[in-house]
Amino acid sequence: MIERLPTPWGLVRLGVAPDHPKLKSVSRAFERVADKPGFRFLGNVEVGRDLTHDDLVRLYDAVLYAVGAQTDRRLGIPGEDLPGSWSATEFVAWYNGHPEYQDVRFDLDAERVVVIGNGNVALDVARMLALTPEELAPTDATDAAIEAIGASPIREIVIVGRRGPAQASFTTPELQELGELAGADVAVDPAELRLDPASEAALAGDTNARRNIDVLRAFSQRDPSGKPKTVTLRFLLSPVEIAGDGRVERIELVRNRLEQDARGRLVAVATDERETLECELVFRSIGYRGVALPDIPFDERHGTIRNDRGRVLADGDEPIPGVYCAGWIKRGPTGIIGTNKKDATETVQLLLEDVRDGRLEPRGTTAESVDALLDERGIRRVVHTGWLAIDERERAAGEKLGRPRVKLVSWDELLETAETVAAETA
């Protein structure tokens with residue numbers, strides 16, 4: 001497993017919300033695989049910089065790209081880059097301890113925050129901002145994030161979706177969590193939960209949407225309990241401008257209506273009705289997008305590697321022998337951990353089919369020859385024992401504080417911890 005970062009497990013470590021420790025337990029399955037003979041971890045090795053695609057196909061019988069969707073989609077509206085307007089990608093990476101984002105300074109001196117998006121990441125951002133210091137204390141969020149969120153004067157977090165409540169892509173358990181926050185009430189205007197006939201009809205075949213509507217209607221009947229913060233859910237609104245004198249001060253929203261397009265999908269269409277919401281922070285969470293890798297066929301329109309069920313395709317739509325992809329870079333940024341497991345299974349079954357049918361050419365390369373190439377290029381790398389040293393140090397620091405771990409958050413700390421063990425065992 002070749003990984004650009006010094007640590008493995010991707011979004012389980014750096015994407016799952018810190019107050020969701022049970023979701024992170026999927027890493028135990030990864031650890032069981034990592035203990036098997038034949039598994040190697042090469043961290044701090046970037047494909048396209050330290051190793052090229054040509055290097056990989058020359059060294060390995062098969063190469064499977066599972067690089068995810070590494071950037072966020074943009075709103076494309078005036079004021080999007082004003083100070084105080086952030087992508088959810090940046091914020092999530094910051095509070096989760098991604099080493100590339102620890103020098104980013106999030107000024108949370110705001111009373112009202114607007115989160116644009118109707119997915120689980122939008123809920124994560126809103127919930128993290130609403131957590132009390134007592135709720136944050138036992139998590140593995142970074143110390144800087146815990147301190148900044150705890151000291152913030154935020155009073156209201158408004159989650160804005162361009163379509164209606166029946167089209168929101170929240171999963172119901174995550175939506176329900178908003179109603180269980182110790183320091184925040186949840187508010188929904190009953191008028192925004194009135195469904196058009198097409199949305200009402202669609203509920204019959206969509207269990208998740210039906211459950212979401214039930215939760216939202218229950219929220220709408222609640223009276224405020226006087227908690228210091230409020231999470232407000234708004235629907236059928238799209239941002240058209242973020243404005244302010246040198247930083248975010250307000251956001252202009254347009255009211256939408258739902259119409260069926262030629263394929264029968266319900267799409268948001270802007271009306272003439274607008275409203276302005278005063279705010280000091282905006283977080284954009286409208287989806288992710290894959291990034292092209294050097295020398296890999298890429299579909300710019302969909303932000304994915306060109307593939308057929310996981311076999312990477314050349315320009316002539318012929319499968320490239322021994323090259324595969326899985327996850328969001330294969331099918332686009334949809335679904336959750338369970339979706340990715342099913343998706344990976346499909347790709348691996350095709351890989352095994354190609355092995356059985358003799359479509360792969362054995363390279364005969366050894367681990368030593370890979371190491372020799374990396375040494376020749378002067379690549380500092382973290383192997384599995386180095387990761388275990390990082391893991392042990394973080395867990396030990398967390399145990400003293402009643403936390404799952406205290407993450408090492410700088411590239412130097414991570415590499416030095418891993419390399420100390422490598423030197424001791426050399």
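Good morning. In strand β9, Arg234 is the bridge partner of Val160. I start from this pair in a predicted model and work outward.

The residue Val160 closes strand β7, residues 156–160, and β7 runs parallel to β9, joined to it by five bridges. Strand β8, residues 184–188, is likewise parallel to β9, and five bridges connect the two. Within that second pairing, Val231 of β9 has Val186 opposite. How many of the six residues of β9 are buried? Five are, and the strand, spanning residues 229–234, is thus described as mostly covered.

Let me turn to the nonpolar cores. The largest has 44 residues, and those touching the most other members are Phe91, Leu129, Leu175, Leu178, Phe219, Leu233 and Phe283. Helix α6, residues 120–130, gives the most to this core, contributing seven residues. Consider Leu178 in particular: beyond its neighbours within four places in sequence, this residue contacts Leu123, Arg127, Ile159, Ala184, Val186, Phe219, Val231 and Leu233. Apart from the largest core lies another, of 19 residues, including Leu51, Ile296, Ile329 and Ile379.

My last topic is an open sheet. Its three strands follow the order β10-β11-β12, with antiparallel pairing. Why is one side of β10 and of β12 left without a neighbour in the sheet? Both strands, β10 at 237–243 and β12 at 266–278, stand at the edges and each has a single partner strand, so one side of each lacks a neighbour there. On average, and ignoring direction, neighbouring strands of the sheet are turned by 25° against each other. Ten bridges hold the antiparallel pairing of β12 with β11, residues 250–260, and Leu258 stands opposite Ala268 of β12. Thank you.

Methods. Residues are numbered from 1 along each chain as its sequence is written. This is a predicted model: local features need pLDDT of at least 70, side-chain atom pairs count only at pLDDT 80 or more; totals for chains, interfaces and linings use all residues. Side-chain values use heavy atoms; hydrogens and water are left out. Buried means under 20% relative accessible area, exposed over 50%, partly exposed in between (1.4 Å probe, protein chains only). Helices (H or I, at least four residues) and strands (E, at least two) are DSSP runs, numbered from the N terminus. Two strands pair if DSSP finds at least two bridges between them. A nonpolar core is a set of buried Ala, Val, Leu, Ile, Met, Phe, Trp, Tyr and Cys residues joined through side-chain atoms within 4.5 Å. Contact means heavy atoms within 4.5 Å. Axes are lines fitted to C-alpha atoms, for helices over the stretch in contact, and angles run from 0 to 180 degrees between N-to-C directions.
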